[in-house]
Amino acid sequence: MKELVRIIATSLVDHPEQVEVTETATDKQIVVELKVAPEDMGKVIGKQGRIAKSIRTVVKAAAAKDDRKVVVDIV
């Protein structure tokens, strides 16, 4: 999940070198935290959160085959 979020985020932002993705896993849940440069925050979130919602949807679909829940936090 970490690499998937990293690939999506780096393709959206102007400063891909500042993209940081951390992953914390428990038994049934994975928490993926995405950090980007402050000036790129709007590009990752999108208007009314549409891009952020799309990122979460893609990651949840990828995690569904492993029967795990994924939470994507954008910081």
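Helices and strands here are DSSP runs, with helices needing at least four residues and strands at least two, and they are numbered from the N terminus. With that in hand, we can place Gln48: this residue sits in the loop between α2 and α3 (50-64). Keep in mind that you're looking at a predicted model.

## The overall picture

Let's start with the whole chain. The protein has three helices and three strands. Reading from the N terminus, the order is α-β-β-α-α-β. The radius of gyration is 12 Å, close to the 11 Å that the globule rule gives for 75 residues, so the protein is as compact as a globular protein of that length. If you lay the C-alpha trace along its principal axes, it spans about 35 × 25 × 15 Å.

How much of the protein is tucked away? Of the 75 residues, 28% count as buried. The exposed surface comes to about 4900 Å², and carbon and sulfur atoms supply 53% of it.

You can also ask how the chain touches itself. Take the contacts between residues at least 6 apart in sequence: 53% of these join residues at least 24 apart.

## Three salt bridges

The structure holds three salt bridges. Here they are side by side, with the N to O distance for each.

| Positive residue | Negative residue | N to O distance |
|---|---|---|
| Arg6 | Glu3 | 3.3 Å |
| Lys43 | Asp14 | 2.2 Å |
| Lys35 | Glu33 | 3.8 Å |

Glu3 and Arg6 share a helix, α1 (residues 2-12), where they are three residues apart, or about one turn of the helix. Glu3 counts as partly exposed because its relative accessibility is 47%. Arg6, at 25% relative accessibility, is partly exposed too.

What about the pair made by Lys43 and Asp14? Lys43 belongs to helix α2, while Asp14 is in the loop between α1 and β1 (20-25), so this salt bridge ties together parts that are 29 residues apart in sequence. Lys43 has a relative accessible area of 33%, which makes it partly exposed.

Then there's the bridge between Lys35 and Glu33. Lys35 is partly exposed at 37% relative accessibility, and Glu33 is partly exposed with a relative accessible area of 27%.

## A charged residue on the inside

Now for Asp40, which you'll find in the loop between β2 (29-35) and α2 (41-45). Is Asp40 buried or exposed? Its relative accessibility is 1%, and buried means under 20%, so Asp40 counts as buried.

Asp40 has no salt bridge, even though it is buried. The nearest side chain of opposite charge is Lys43, and that one is 4.5 Å away. A salt bridge needs the side-chain nitrogen within 4 Å of a carboxyl oxygen, so the pair of Asp40 and Lys43 doesn't make the cut.

So what does Asp40 have around it? Leaving aside its neighbours within four places in sequence, Asp40 is in contact with Val13, Asp14 and His15. A polar atom of the Asp40 side chain lies 3.1 Å from the backbone nitrogen of His15. Asp14 turns up here as a contact of Asp40, and Asp14 is also the salt-bridge partner of Lys43.

For a sense of scale, try Asp40 and Thr57: they are 17 residues apart in sequence, and their C-alpha atoms are 20 Å apart in space.

## Two residues with a positive phi

Finally, a word on backbone angles. Most residues other than glycine have a negative phi. Which residues go the other way here? Gln48 is one of them: it isn't a glycine, yet its phi is positive, at about 55 degrees. As you saw at the start, Gln48 lies in the loop between α2 and α3. Gln48 has 74% relative accessibility, so it counts as exposed.

Asp67 also has a positive phi of about 55 degrees without being a glycine. Asp67 is in the loop between α3 and β3 (69-74). With a relative accessible area of 55%, Asp67 is exposed.

Methods: Residues are numbered from 1 along each chain as its sequence is written. This is a predicted model: local features need pLDDT of at least 70, side-chain atom pairs count only at pLDDT 80 or more; totals for chains, interfaces and linings use all residues. Side-chain values use heavy atoms; hydrogens and water are left out. Buried means under 20% relative accessible area, exposed over 50%, partly exposed in between (1.4 Å probe, protein chains only). Lys and Arg count as positive and Asp and Glu as negative; His and the chain ends are not counted. A polar contact is a pair of N or O atoms within 3.5 Å; within protein, one must be able to donate a hydrogen and the other to accept it, and residues adjacent in sequence count only if both atoms are side-chain atoms. Contact means heavy atoms within 4.5 Å. The radius of gyration is taken over C-alpha atoms; the globule rule is 2.2 Å times the number of residues to the power 0.38. Accessible areas come from the Shrake-Rupley method with a 1.4 Å probe; for residues, only the protein chains shown count as cover.
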